[in-house]
Amino acid sequence: MRAVIQRVTKASCTVDNQITGQIQKGLMILLGVEEADTTEDLKWLGQKFINLRIFEDEQGMMNKSIQDVDGNILLVSQFTLFAQTKKGNRPSFIRAAKPDKAKPMYEEMALLLSQLLQKEVQLGIFGADMKIDLLNDGPVTIVMDTKDKDNF
């Protein structure tokens, strides 16, 4: 799994002019699933999302997790995170999981995060043409990949 995590002051996802999910202070997470991903990858990454200390404490240091600040999560599926651009100018998405694998894993991640956070996680719509609006706070943007855990 690959994710782009952004600390935001607000974020929303709109499909067909309807807001499907919106948050105030929290994390905007773009999540890509690849064919080789497992439930262990999902659990590891979910724990990382919840425990990342990227929110400021009283001294302005990044020492607080999303739970510490009572933040929210907007989770959006993003197969293009697995774009391969080595050859030519048109990206290949061959490593991205097919919808029959990716959608259940995306839904499982949403459920896991809701359980860990003890509140509802806001969502995009899997496979839809989504419009994302956000205000990145910091900016703080982190990329994580479960196939490269040693560097994260």
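**Strand pairing, aromatic pairs and the largest pocket**

In the hairpin formed by β1 and β2, two residues lie between the strands, and D16 adopts a positive phi near 50°. The model examined here is predicted. Strand β1 spans residues 2-15 and strand β2 residues 18-23, and the two pair in the antiparallel sense over five bridges. V15 has Q18 as its bridge partner in β2.

Strand β1 has further pairing partners. With β3 (26-32), β1 pairs in the antiparallel sense over seven bridges, and within this pairing R7 stands opposite L27 of β3. With β8 (131-145), the pairing of β1 is again antiparallel and extends over twelve bridges. Burial accompanies this arrangement: twelve of the 14 residues of β1 are buried, and the strand is mostly covered.

S12 illustrates the setting of an individual residue within β1. Its bridge partner in β8 is D133. The relative accessibility of S12 is 13%, and the residue therefore counts as buried, the limit being under 20%. When residues up to four places away in sequence are not counted, S12 touches G21 and Q22, L74, and the group K131, I132 and D133.

A second buried position is V76, located in strand β6. Its relative accessible area is 1%, so V76 is buried. With residues up to four places away in sequence again left out, the contacts of V76 comprise M28, I29, L30, L31, Y106, G124, M130 and I132. The C-alpha atoms of V76 and G21 are separated by 9.3 Å, although the two residues are 55 residues apart along the chain.

Y106, one of the residues touched by V76, also takes part in an aromatic pair. A search of the whole structure yields two such pairs. In one of them, the ring centres of F79 and F93 lie 5.0 Å apart; the planes stand at 75°, and because an angle over 60 degrees defines the class, the pair is edge-to-face. Both F79 and F93 belong to the loop between β6 (72-77) and α2 (99-117), at a separation of 14 residues, and the pair links distant parts of the chain. F93 has a relative accessible area of 30% and is thus partly exposed.

The other pair consists of Y106 and F126, with 6.1 Å from centre to centre and 40° between the planes, and is classed as tilted. Y106 lies in helix α2, whereas F126 lies in the loop between β7 (122-123) and β8, so the pair ties together parts that are 20 residues apart in sequence. The two partners differ in accessibility class: Y106 counts as buried at 4% relative accessibility, while F126 counts as partly exposed at 25%.

F79 also appears in the description of the largest pocket, which holds about 400 Å³ of space. This pocket is lined by 22 residues, of which S77, Q78, F79, T80 and G127 are the closest to its centre. Strands β3 and β6 and helix α2 each supply at least two residues of the lining. By residue class, the lining divides into 15 nonpolar, five polar and two charged residues.

Note on methods: Residues are numbered from 1 along each chain as its sequence is written. This is a predicted model: local features need pLDDT of at least 70, side-chain atom pairs count only at pLDDT 80 or more; totals for chains, interfaces and linings use all residues. Side-chain values use heavy atoms; hydrogens and water are left out. Rings of Phe, Tyr and Trp (its six-membered ring) pair if their centres lie within 6.5 Å; planes under 30 degrees apart count as stacked, over 60 as edge-to-face and the rest as tilted. Helices (H or I, at least four residues) and strands (E, at least two) are DSSP runs, numbered from the N terminus. Buried means under 20% relative accessible area, exposed over 50%, partly exposed in between (1.4 Å probe, protein chains only). Contact means heavy atoms within 4.5 Å. On a 1 Å grid over the protein atoms alone, a cavity is a set of points where a 1.4 Å probe fits but cannot get out, and a pocket is an open set with protein on both sides within 12 Å along at least five of seven lines; lining residues have an atom within 4 Å of a point. Grid points are joined across faces, edges and corners, and a volume is the space filled by probe spheres set on the points. Ala, Val, Leu, Ile, Met, Phe, Trp, Tyr, Cys and Pro count as nonpolar, Asp, Glu, Lys and Arg as charged, and the others, Gly among them, as polar. Two strands pair if DSSP finds at least two bridges between them.
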